[in-house]
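This briefing walks through a few loop positions, with their surroundings and backbone geometry, and is meant to be read beside the sequence and the 3D view.

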Amino acid sequence: MKTIALVGNPNSGKTTLFNALTGQRQFVGNWPGVTVQVKQGKLRGQHNTLLLDLPGLYSLAPLAPEEAVACDLLTNHPPDIILNIVDGTNLQRNLYLTMRLLALGIPMIVAVNCADVLRKRGDVFSAAVLARKLSCPVVEISALRDSGLDRLVEMLRADLHPPLQAQKHESIAETYAHIERITRSCMRPSGKPNMTERIDNIVLHKWLALPLFVLVMTGVYYLAAAGPGAWLGGLVEQAIAGLGTSLGQVMPSLWLGALLQEGVLGGAGMLLGFVPQLMMVFLCLSVLEASGYLSRVAFLLDAALRKFGLSGKCFMPMLLATGCSVPAILATRAIDCPRQRSVVAATCSFLPCSAKLPIIALVANGVFGGAWWLAPLMYFIGAAAMLGSTRVMLWIDGRAMRAPTAEFLLEMPQYRMPSGRDIARSAWRRTAEFMKKAGSVIVLSGVFVWLLSGVLQPVGGAIAWLFVPLGFGFWQAAIATLTAFIAKENAVATLGVLGAAAMFTPAQGMSFLLFNLLSMPCVAAVAALRRELGSTKRTALAVGWQCGVAYVVAGGVYWVMTAF
């Protein structure tokens, strides 16, 4: 089996090229560090050729575990060919890795990506000159536009010879001087400010940046709660209601009909009504990520996070937490400081994940008359709860607060026009995961609640007193909160099955929402937290803290709203 290792700097387009050459659909993002493990696939039309997509590297001196994996493969298990993808918009920086790869003595092809962007902004690049300087084949491509790939595949099929050893330099400074001379010989920039620079003048403006971020996130949830997402959600709800009516007419007195109408449609059916709103959130976040904007947000929030004893590296878990707490908790491994890593893992689930969005939509539509502002408000409340909790936890551990926060270095990718195909795939993948859960766990939970509704009433009544200070001390809300500890979506499904979705006053609804937003996450997230913290005691303390914060906040808001 012929092996080709796809190597390049983070965010140089490796995964996009890998998908184009293999026909796979690996996740693609305009964010450094998307690939964290080696992926493999057969080269299209070449069943005896294996393409390996390695994590991004800046050099052959690894600084992170995923980089160590890539370096180990290149040095200890060398491939037959190295396909070095180079971001043409950052040619000089990318060539440092190229020089290190040439020194390995493995046959290599250099693919200069973003050739279309270079032409669009007026830069003049010569692949022939670069090939002569590097003594290895060079081809211009656009992985996003599938341009130049036929020529690249022809090169990969041809017999290649090991390149001449790269010239050894006495110091890093001399190496970079040599790279600068190579860049000047093959690249003539237009000298005009490019699109990225013009946009960054606004997006990274000292006074406009943070208000713009707040406006963008508010717009995301507005589109979901009051825009196309709400309109499509209404159509789905009408279809489900019509299906329920039809079942009632076809099987008016059958036990099975009641089970389907109340146990299945009453629970999972209610959740499906919120799927278009979820998909709209996923679409918007995918566009922001693919365009390169979210990398800027991490840079902007670095200064703010440092006031809470954190760094911009914590933004990635925070971002992932808006989708699911489990990968967010796992992503904390990239945080250097062990204490900060454990604190962020214990608090990132305060942010509203996709499973909590149906609860937000239920309260917004059923209690507050379709108030679109409730979703962004819950997002910022969750962020405040997380940051406030991390500050307190780090303050308790005085050593963590006194320890200097590591410098945050992040490559700013070029702004790109998101690919409609990739955006649709990303949004559908996340939506399908939610629907898969709604079609399995949520349906089973709804049926379970419907079958045991008579038994659950005394159980709910026995624990309802716990929520009396929060305003929702009736058994249906208590059972919904209990089932939400298994999966947050269960709260909506349970209320739908029990016919209790319209029982809340505004103060009760807001309290119920806040408690389920901030309290213990689902069982899967708690299990992931236990693995990361490595201690049952510390996990129990983290869950207890979350529930305590949720109880105090929900109760406080309830009594304030009741008073006014």
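Ser59 is found in the loop that runs between β3 (46-53) and α2 (65-76), in a model that is predicted. Two further loop residues, Ser135 and Asp146, are described after it.

**Ser59 and its surroundings**

- Ser59 has a relative accessible area of 18%, and because buried means under 20%, this serine counts as buried.
- The side chain of Ser59 has a polar atom that lies 3.2 Å from the backbone nitrogen of Ala61.
- When residues up to four places away in sequence are left out of the count, Ser59 touches Cys71, Tyr96 and Leu97.

**Ser135, with a positive phi**

- Ser135 sits in the loop that links α5 (127-134) and β7 (138-140), and its phi is near 60°, which is a positive value in a residue other than glycine.
- The relative accessibility of Ser135 is 35%, and because partly exposed covers the range between under 20% and over 50%, Ser135 is placed in that class.

**Asp146, with a positive phi**

- Asp146 belongs to the loop between β7 and α6 (149-157), and although Asp146 is not a glycine, its phi is positive, at about 60°.
- With a relative accessibility of 42%, Asp146 counts as partly exposed.

Terms used:
Residues numbered from 1 in each chain as written. Predicted model: local features only at pLDDT ≥ 70, side-chain atom pairs only at ≥ 80, totals over all residues. Heavy atoms only, no water. Helix = DSSP H or I, 4+ residues; strand = E, 2+ residues; numbered from the N terminus. Buried < 20%, exposed > 50% of the residue type's maximum accessible area, 1.4 Å probe, protein only. Polar contact = N/O pair within 3.5 Å; in protein donor to acceptor, adjacent residues only side chain to side chain. Contact = heavy atoms within 4.5 Å.
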